[in-house]
Amino acid sequence: MKNRRIQNKISLSVVMTGVVVGLVLAILLVVLVFFIRLYENSIEQSSVITSEQAARQVVNTVENYTEDMAATMENVTEYIAKPAALREDFFESFFQIRTDVVAVTIYNEEGKLLDCWAGEKAAKETALVNLSYAEIPEGEGLHISKPHVESLLEDYYPWVVTISRTMQGEHGEELRVFMDIRFSNIAAYVDDVGIGQHGYCFIQDTDGDLVYHPQQQLIYAGLKEEAGELQSLADGSYIRSNVIYTVNSLSNCSWRIVAVSYVDELITGRVEGMVRICLALLALMFLTAVFVGSLFSWLFAKPAKRLARAMEAFEKNAENFCFEPVEGTSEVNALSSSFGHMVLRVQQLMEQVRQEEISLRKTELKALQAQINPHFLYNTLDSIAWMCEEERTKEAVEMINALARLFRISISKGHELIPLEKEIEHAKSYLKIQNYRYKNQFTYHFQVEESCLPYYCNKITLQPIIENAIYHGIDRMVDEGHIEIRVWEEEQAIVMTVEDNGVGMTKEQCVDILEREPGDRRGIGIKNVNDRIQIYFGERYGLQITSEPDEGTCVKIRIPKLEEERQ
Amino acid sequence: MSGRKGGRWRQLAPWALGAVFLLACYFVGIRYIIGNLTTREAESGESGRPYVALVAKSTTSAFWRSVFAGANAAGTEYNLDVTVDGPDNEEDYETQNEMIAEAVESGARVIVFSAVDYEANAAAIDAAAAKGVQIVVIDSDVDSEAVSCRISTDNYEAGQMMGQAILESGLEELRIGLVNFDKNSANGQQRERGLRDMLEDVPGARIVDAVNVLSTTEDAKEGTRQMLQEHPDINVIATFNEWTSLGVGYAIEELGLGEETYVVAFDSNVVSVGMLETGEVDALIVQNPFAMGYLGVECAYNLINGLDVEESVVDTATTVITRENMFDEESQKVLFSFD
């Protein structure tokens, strides 16, 4: 029952809208997630590639630059070994050409400053500290120091890196040569490297110290920090939250190129845009689904529901059902008109069955009425013959008249309903005949309200009851019997009673009489009377039997007030 | 039959309306989607960057050049059109006022300003603010309610750091001479107050003389020489900006008092660093001018974009540099700008 209620509530349109929206949502979400993943991956991949390419390019350029530094160093050491005049000439032009070289210094094995060339800049007589000099590490290759401030020149403090090497002096002693270089050339190049919108490149050494960063001053001023963990990373690309770091080491020195680009700007914005687009699409799909769903409901589900309701109503009350066609799509219309046809056909059939049944019953009844108890006729005629023999002519005539009246009323031109007056006359004729035959064993009395006489009733209603009263009630009596017949009006009904003072019946017998089919001998039984009244006038009318053994029986007949014959 | 048809049409009307509404939704939705697909490209091609004018006290000193470098770095990073300007000498508030008016005229959204004169610049700043220009103050304050954000060294604290540096000089008796610049400039006075408060209750510390000079090397040198001649017992000199520092340094160099006199100077440039190295100057109070310029323009960017300016007063760091630590790694970064 509960299930059914729920089923009733969930309409087709809701289900359809839900299914469509759900399906679209699911598909869209799956596609979106899949697409975003794919997109993120490909973007990430391509930005990693871009980053790597950029870093590669920077590495090449910076390698060229450091090779150039090494070549310059070679050149410088070559000239340092040459005679003084030649050497000074070389340095004079050297500093004019190589503006990025700040100072060249040589030291002996103990680290004592032997000579210093700085172009036009003057070296300090005594420097407070010497940041350029450091022990030269063992091994081949280019030795490049950390960036530091040039501390050897007067009023000139540029940031430099120092490259160093050892050489053989004139007398075979070891000399240490240091060249301080501003990396303005490489700085300009690194500044111009752009990866994506905000990506950039910087140079650090293997210790993690910055060599050159496009925003070095920002970092030195404490306004920016570069990720600290980078120094521990090997070459390769790393994605940290939304930043791609690509680390590449130079082959000829201890510098590393780090390319920094942002995944964020590339992906997040577009993904957001895509999500917005998908949401918009979803909203549109939802609206469409709701619209189509309601349209579908209007076209199909609603009419279907109405049709179902009509069918239910038809099921409950087929007879009086009046079908109004349901309108909708052609399918619904077809269904509706078929149902309409069906309703009409069923109602026709029902009517036909009813009519057939009624006519069948009527024929049956007529046949029964036509039956004249042959014993009754035979006895009556016997009595008449006997009277004639005894020349009781007058009585014989009375008998014959009574019999004739009896038959005339019985036939009544085939009408079923006759005026009450005739019915009473019929009962009186019958009682007269029987009274003769039973030789006044009983008395009878009619008590009829005059106003009842014109109303109609079924013919042969009283006679079977009287017959029953005589045969079963009075015939077995020793004393004189009495039959009292009353007819009166009661509101909308006519009530007749046949009361005898015969042997009476038990309650079971009373019920039995109304249900038992009449035997052959009996003519029209009491049940028959009851059936006829009920067929004609309905269940409210009919017979009611009350009886007490040894006291008598009273049969009450109730019929409607019918002014004219219906038939 | 026609009546039934009419009823049918009447029933159809809401559906027609619904369909029209749906079509309208489609129209709007598709335009939204197409808009979303195309704006991204349109945004990147935007021109006409917001204009931020930086009006400084001077354009020649190392301090201000560093401020400008910071401002330009921020301008590049935030895609702003930054111009820098300042009068030729550090007393010329009238030229500054003209520059403010010019900046307003040429449509500056924000003026990043450093006041020569705490009071005399106020009217011009108020006038600019009245025209809807937002004001960010760096380095030196101005007497105006219109200032959205102030970015400077905590000058009082810087003065106290000078006092601390004097106390750490190792001298037993401190006979101090002060060489300060223009009395109307707010930051110089704050620094001096910080220093005086620091030394007030120190036994053996006495401020012998205090002079105010024009903010030029020449005037400061002359003022210092006179002060030292009047008070030969002075063994400590404190001075409060880049130019007066140079003036004091030159005076000490000329008088040959490098050994005898402990000089605490303010700000750094190539010359004063040289003096620190050679002994004319013994301690330098170094601000972070690059950060000042950078943060000033960053703040301007935030104001233009309606972002919250986190603090109305931002302190930039101050460092004490002495001969001993001047070539330390950290000191190098503070002292020598990277260009």
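Is Val273(B) buried or exposed? The legends below, drawn from a predicted model, take up this residue, the contact between chains A and B, and the make-up of chain A.

**Figure 1. Surroundings of Val273(B) in helix 9 of chain B.** Val273(B) is buried, because 21 other C-beta atoms lie within 10 Å, and the criterion for a buried residue is 20 or more. The helix that holds this residue, helix 9 of chain B, comprises residues 270–278. Leaving aside residues up to four places away in sequence, Val273(B) touches Ser268(B) and Leu335(B) as well as Tyr157(A). Between the C-alpha atoms of Val273(B) and Ile321(B) the separation is 9.6 Å, and these two residues are 48 residues apart along the chain.

**Figure 2. The side of chain A that touches chain B.** In the contact between the two chains, 29 residues of chain A meet 29 residues of chain B. Strand 4 (148–149), helix 5 (216–220) and helix 6 (263–316) of chain A are the elements that give two or more residues to this side of chain A. Helix 6 of chain A gives the most, with 11 residues. Classified by residue type, the side of chain A that touches chain B has 17 nonpolar, nine polar and three charged residues.

**Figure 3. Secondary structure and burial in chain A.** Chain A contains 13 helices and 18 strands. Of its 567 residues, 29% are buried. When contacts in chain A between residues at least 6 apart in sequence are considered, 64% join residues at least 24 apart.

Technical notes:
Residues numbered from 1 in each chain as written. Chains lettered and ligands numbered in written order. Predicted model: local features only at pLDDT ≥ 70, side-chain atom pairs only at ≥ 80, totals over all residues. Contact = placed C-beta atoms within 7 Å. Helix = DSSP H or I, 4+ residues; strand = E, 2+ residues; numbered from the N terminus. Nonpolar A, V, L, I, M, F, W, Y, C, P; charged D, E, K, R; others polar. Buried ≥ 20, exposed ≤ 12 C-beta atoms within 10 Å, placed from the backbone.
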